[in-house]
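Reader: I am a first-year student, and I would like to look closely at one part of this model rather than at everything at once. Could you choose a single helix, go through its surroundings with care, and then show me how it fits into the rest of the chain?

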Amino acid sequence: MPQPDPTHLPFSLAALGSDFAPATPDQNRPETPGCWIILRENALVLCSGTNALPDGVLPVPGPFAVPPVLVGLWQGRPLRAARLEPEAALPAGLAAVSASYRSQGLDDRCITLAGLARQVLHWRDRSRICPACGGSPGEIGGSFGARCPSCAREYYPRIHPAVIVLITRGDEFLLVRKADWPAGQYGLVAGFVEFCETLEECVVREVLEETGLAVSDVRYLASQSWPFPSQLMAGFTAAYAGGELVPDATELEAAAWFSARRPPPILPPRASIARYIIDRFAPGLGNATGNP
Ligand SMILES: [Zn+2]
């Protein structure tokens with residue numbers, strides 16, 4: 001498979017295309033007008049009835065839960081992100097639109113921009129206070145890092161690696177369900193990498209813990225940035241190699257084998273690498289189940 005993948009899953013640089021260029025917070029010039037990724041809870045603020053970002057020096061007066069920060073350039077202009085307090089009102093002409101990976105109303109670029117902002121603002125929020133001495137870290141030039149002026153410790157953004165895996169058995173595949181997912185929706189086994197563990201070892205451990213099954217032939221497929229709040233998902237397939245299916249009741253509500261002839265009621269959202277992996281293994285399943 002060519003990398004990066006031409007399908008352009010959201011939450012990637014490819015999804016933003018040539019309109020976006022990286023920049024770091026220290027390059028900010030607050031008086032220069034630009035484009036804004038403004039979040040309020042799980043929603044993205046857009047010009048009403050459009051997919052257009054608000055424009056200007058500061059299009060929303062606040063109050064801000066996380067103050068504005070430069071995250072890059074958009075079509076050559078400053079691209080800043082900020083998080084409003086939940087009760088903040090919006091000026092006329094702006095509207096807040098749900099920007100979850102489950103959202104249907106936004107295009108991939110808007111979902112990706114909202115994800116970028118969510119991840120950066122999460123880091124800014126978590127790095128406001130030095131955990132060693134309680135000082136107030138400032139920016140490290142040319143990076144998203146933070147240096148504490150009191151104790152000189154430096155901190156850099158934390159992106160947490162995780163694996164997500166489709167277990168296959170002939171033309172069948174195993175999907176799992178968590179209790180807090182929408183009714184009828186199934187997904188893949190997934191989990192965070194632990195100390196002294198490779199991605200492949202993590203796949204084997206997570207599958208065993210969540211399902212009781214052994215797997216072999218662990219194969220990497222693709223990855224996806226997952227800004228909920230700050231993961232990198234590494235996607236795999238793995239072949240069933242033995243064991244009885246016993247779902248871990250502390251994590252899962254259900255687990256079952258499916259196939260193209262016996263599909264799950266609802267597939268993972270199209271924006272997710274979970275769906276991408278399923279679509280590669282069972283092409284056409286989305287249309288067959290009414291989950292395009
Ligand atoms: Zn400190």
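**Helix H3 and its setting**

Author: The buried residues of helix H3 are covered by a set of elements that includes strand E11 (160-169), strand E12 (172-177), strand E13 (189-192), strand E14 (214-226), strand E15 (231-242) and strand E16 (254-258). Please keep in mind throughout that this is a predicted model.

Let us begin with the helix itself. H3 covers residues 199-211, which makes 13 residues, and from its first C-alpha to its last it reaches 18 Å, close to the 18 Å expected at 1.5 Å a residue. Which residues of H3 are buried? They are Cys202, Val203, Val204, Glu206, Val207, Glu210 and Thr211, and it is worth noticing that two glutamates, Glu206 and Glu210, appear in this list beside the valines. Just after the helix comes Gly212, where phi takes a positive value of about 80 degrees.

Two of the buried valines in H3 can be followed further, if you take Val165 as your viewpoint. Once its neighbours within four places in sequence are left aside, Val165 is in contact with Val203 and Val207, and also with Leu188, Val189, Phe236, Thr237 and Ala238. Val165 belongs in turn to the largest nonpolar core, a group of 68 residues in which Ile37, Ala117, Val165, Ile167 and Leu188 have the most contacts. The largest share of this core comes from helix H2 (residues 108-126), which gives 9 residues. The core also draws at least three residues from each of domain 1 (13-126) and domain 3 (160-288). As a general background, nonpolar side chains in soluble globular proteins tend to be buried together.

The loop that lies between E14 and E15, two of the strands that help to cover H3, also deserves a careful look. Pro229 is found in this loop, and the peptide bond that joins Phe228 to Pro229 is cis, with an omega of about 5 degrees. A second cis peptide bond joins Gly62 and Pro63, here with an omega of about 0 degrees, and Pro63 sits in the loop between strand E4 (55-56) and strand E5 (64-74).

Since Gly212 has a positive phi, you may wish to see residues other than glycine that also take one. Glu41 has a positive phi of about 50 degrees although it is not a glycine, and its place is in the loop between strand E2 (34-40) and strand E3 (43-47). Glu41 counts as partly exposed, because 13 C-beta neighbours lie inside 10 Å. Gln75 is another residue of this kind, with phi near 50 degrees, and it is placed in the loop between E5 and strand E6 (77-84). Because Gln75 has 11 C-beta neighbours inside 10 Å, it counts as exposed.

For a contrast with the buried residues of H3, turn now to domain 2 (129-157), which stands in the sequence between domain 1 and domain 3. The C-alpha centres of domain 2 and domain 3 lie 37 Å apart. Three strands form an open antiparallel sheet in the order E8-E9-E10. Strand E8 (138-139) and E10 stand at its edges, each with a single partner strand, so one side of each is left without a neighbour in the sheet. E8 is joined to strand E9 (residues 146-147) by 2 bridges and the two run antiparallel, with Ala146 in E9 as the bridge partner of Glu139. Glu154 is found in E10 (residues 154-155), and it is exposed because 11 other C-beta atoms lie within 10 Å. Apart from residues up to four places away in sequence, Glu154 touches Ile140, Gly145 and Arg147.

Finally, step back to the whole chain, which comes to 5 helices and 16 strands. Its radius of gyration is 21 Å, close to the 19 Å that the globule rule gives for 292 residues, so the chain is as compact as a globular protein of that length. Of these 292 residues, 35% count as buried. Among contacts between residues at least 6 apart in sequence, 62% join residues at least 24 apart.

Technical notes:
Residues numbered from 1 in each chain as written. Predicted model: local features only at pLDDT ≥ 70, side-chain atom pairs only at ≥ 80, totals over all residues. Domains from an automatic or database assignment. Core = buried A, V, L, I, M, F, W, Y, C linked by C-beta atoms within 7 Å. Buried ≥ 20, exposed ≤ 12 C-beta atoms within 10 Å, placed from the backbone. Helix = DSSP H or I, 4+ residues; strand = E, 2+ residues; numbered from the N terminus. Contact = placed C-beta atoms within 7 Å. Expected span 1.5 Å × (residues − 1). Rg over C-alpha atoms; globule rule 2.2 N^0.38 Å. Pairing = 2+ DSSP bridges.
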